[in-house]
Amino acid sequence: MNTTAQNDRDLIGLLGAGKLGTAIGRLAAEASFPLAVSVRPGNPLYDLTLPTLLPTARLVPFEELARTADILILALPQPALASIDLSGVRGIVVDATNAWKATDGASDTSTTPTQNTTAALQARYPELAIIKSLNHAGYTELSAEARPHGAPGRRTVAVAGDDAAARSRVAAFIDAIGFDPVELSSEHAALLEPGGVAFGQRLELADWPANIVATRH
Ligand SMILES: NC(=O)c1ccc[n+]([C@@H]2O[C@H](COP(=O)([O-])OP(=O)(O)OC[C@H]3O[C@@H](n4cnc5c(N)ncnc54)[C@H](OP(=O)(O)O)[C@@H]3O)[C@@H](O)[C@H]2O)c1
């Protein structure tokens, strides 16, 4: 298995290099994570913008991203998930998407009050570890509010999923890029989505009720 990284950091794969993808990519690069990015073919804009926005990132076809990334972050509009084939994914999948009209258009019909999108994806790919994270803060907030581990008043970013090992690995990534991770089981993932109490809120560790936190950091 070709895990990672010249510097022992997980290889971070970004699917989508818009506002959220590049914001996460910049934080990851600052924390010395190697980066690979995949975008839709045929848009020459990325050949111009990516070397400036994410100079350490390698632009690769999706199949290579799926095969090589240790943590693959879905940072594309949610309706596009329906046509993405994750069957070749080797690593952990982080679903950072929302049913958010401004970036995602009208609500995805796969999103119902009883099954959030990550659960729907997990049902499609039961063999994968799929984590909901990085979706509940705006990209400008992620860029502006990253702080070193231990900094007072550090903002939290939640990591929701049922595979404890995958959750813990994503939590380590969240910590490294500047946020206190809060691990939740998948039943609480909807709290992070539009309409959920944590969506768009600036929460610190003490703001999370102890009875919903799966692992304390
Ligand atoms: N913006 C935020 O602050 C923020 C924060 C948290 C979560 N989110 C969520 O993150 C997701 C992305 O938001 P965004 O603001 O980054 O959107 P964005 O700026 O519009 O970027 C979307 C990216 O996804 C790519 N893409 C679109 N359809 C694709 C497909 N079928 N296959 C591969 N790539 C595709 C786009 O490429 P093209 O240029 O080729 O279209 C673009 O690189 C959304 O679900 C949003 O709700 C956003």
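# Close-up views of a predicted model

**View 1. Glu-141 and Arg-155 are joined by a salt bridge in this predicted model.** The salt bridge between Glu-141 and Arg-155 has its closest N and O atoms 3.4 Å apart. This pair links distant parts of the chain, for Glu-141 belongs to helix H6, which covers residues 139-145, whereas Arg-155 sits in the loop between H6 and strand E7 (156-160), and the two are 14 residues apart. The two partners can also be described by their accessibility: Glu-141 counts as partly exposed because its relative accessibility is 26%, while Arg-155 counts as buried because its relative accessibility is 1%. As general background, side chains of opposite charge can pair when their charged atoms come close.

**View 2. Arg-155 also meets the side chain of Glu-145 in a salt bridge.** Here the distance from N to O is 3.2 Å. Once again the pair links distant parts of the chain, with Arg-155 in the loop between H6 and E7 and Glu-145 in helix H6, 10 residues apart. With a relative accessibility of 15%, Glu-145 lies under the 20% cut-off, and therefore Glu-145 counts as buried.

**View 3. Glu-204 and Arg-202 form a salt bridge that belongs to a network.** The closest N and O atoms of Glu-204 and Arg-202 are 2.9 Å apart. Glu-204 is partly exposed, with a relative accessible area of 30%, and Arg-202 likewise counts as partly exposed, at 37% relative accessibility. Through salt bridges that share partners, Glu-141, Glu-145, Arg-155, Arg-202 and Glu-204 are joined into one network. The structure as a whole holds 13 salt bridges.

**View 4. Asn-135 is a buried residue in a loop.** The loop that holds Asn-135 runs between strand E6 (130-133) and H6. The relative accessible area of Asn-135 is 3%, which is under 20%, so Asn-135 is classed as buried. A polar atom of the Asn-135 side chain lies 2.9 Å from the backbone oxygen of Leu-192. When the neighbours within four places in sequence are left aside, Asn-135 is in contact with Ala-96, Thr-97, Asn-98, Leu-192, Glu-193 and Phe-199.

**View 5. Ala-160 is a buried residue of strand E7.** Its relative accessible area is 1%, and Ala-160 is therefore placed among the buried residues, for which the cut-off is under 20%. Although Ala-160 and Lys-132 are 28 residues apart along the chain, their C-alpha atoms are separated by 5.0 Å. Leaving aside neighbours within four places in sequence, the contacts of Ala-160 are Ile-130, Ile-131, Lys-132, Leu-184, Ser-185, Ala-189 and Leu-192.

**View 6. Tyr-139 in helix H6 is partly exposed.** The relative accessible area of Tyr-139 is 36%, which falls between the limits of 20% and 50%, and this is why Tyr-139 is described as partly exposed. The C-alpha atoms of Tyr-139 and Gly-18 are separated by 9.9 Å, while along the chain these two residues are 121 residues apart. Apart from neighbours within four places in sequence, Tyr-139 is in contact with Lys-19, Leu-20 and Ala-23.

**View 7. The largest pocket is lined by 39 residues.** About 1,000 Å³ of space lies in this pocket, and among its lining residues Gly-16, Gly-18, Ala-75, Leu-76 and Pro-77 lie nearest its centre. Helix H1 (19-30), helix H2 (45-53) and helix H4 (101-104) each supply at least two residues of the lining. Sorted by class, the lining of the largest pocket has 23 nonpolar, 12 polar and 4 charged residues.

**View 8. The whole chain contains 7 helices and 8 strands.** The chain has 217 residues, and buried residues make up 49% of them. Among contacts between residues at least 6 apart in sequence, 63% join residues that are at least 24 apart.

Note on methods
Residues are numbered from 1 along each chain as its sequence is written. This is a predicted model: local features need pLDDT of at least 70, side-chain atom pairs count only at pLDDT 80 or more; totals for chains, interfaces and linings use all residues. Side-chain values use heavy atoms; hydrogens and water are left out. On a 1 Å grid over the protein atoms alone, a cavity is a set of points where a 1.4 Å probe fits but cannot get out, and a pocket is an open set with protein on both sides within 12 Å along at least five of seven lines; lining residues have an atom within 4 Å of a point. Grid points are joined across faces, edges and corners, and a volume is the space filled by probe spheres set on the points. Helices (H or I, at least four residues) and strands (E, at least two) are DSSP runs, numbered from the N terminus. Ala, Val, Leu, Ile, Met, Phe, Trp, Tyr, Cys and Pro count as nonpolar, Asp, Glu, Lys and Arg as charged, and the others, Gly among them, as polar. A salt bridge is a side-chain nitrogen of Lys or Arg within 4 Å of a carboxyl oxygen of Asp or Glu. Buried means under 20% relative accessible area, exposed over 50%, partly exposed in between (1.4 Å probe, protein chains only). A polar contact is a pair of N or O atoms within 3.5 Å; within protein, one must be able to donate a hydrogen and the other to accept it, and residues adjacent in sequence count only if both atoms are side-chain atoms. Contact means heavy atoms within 4.5 Å.
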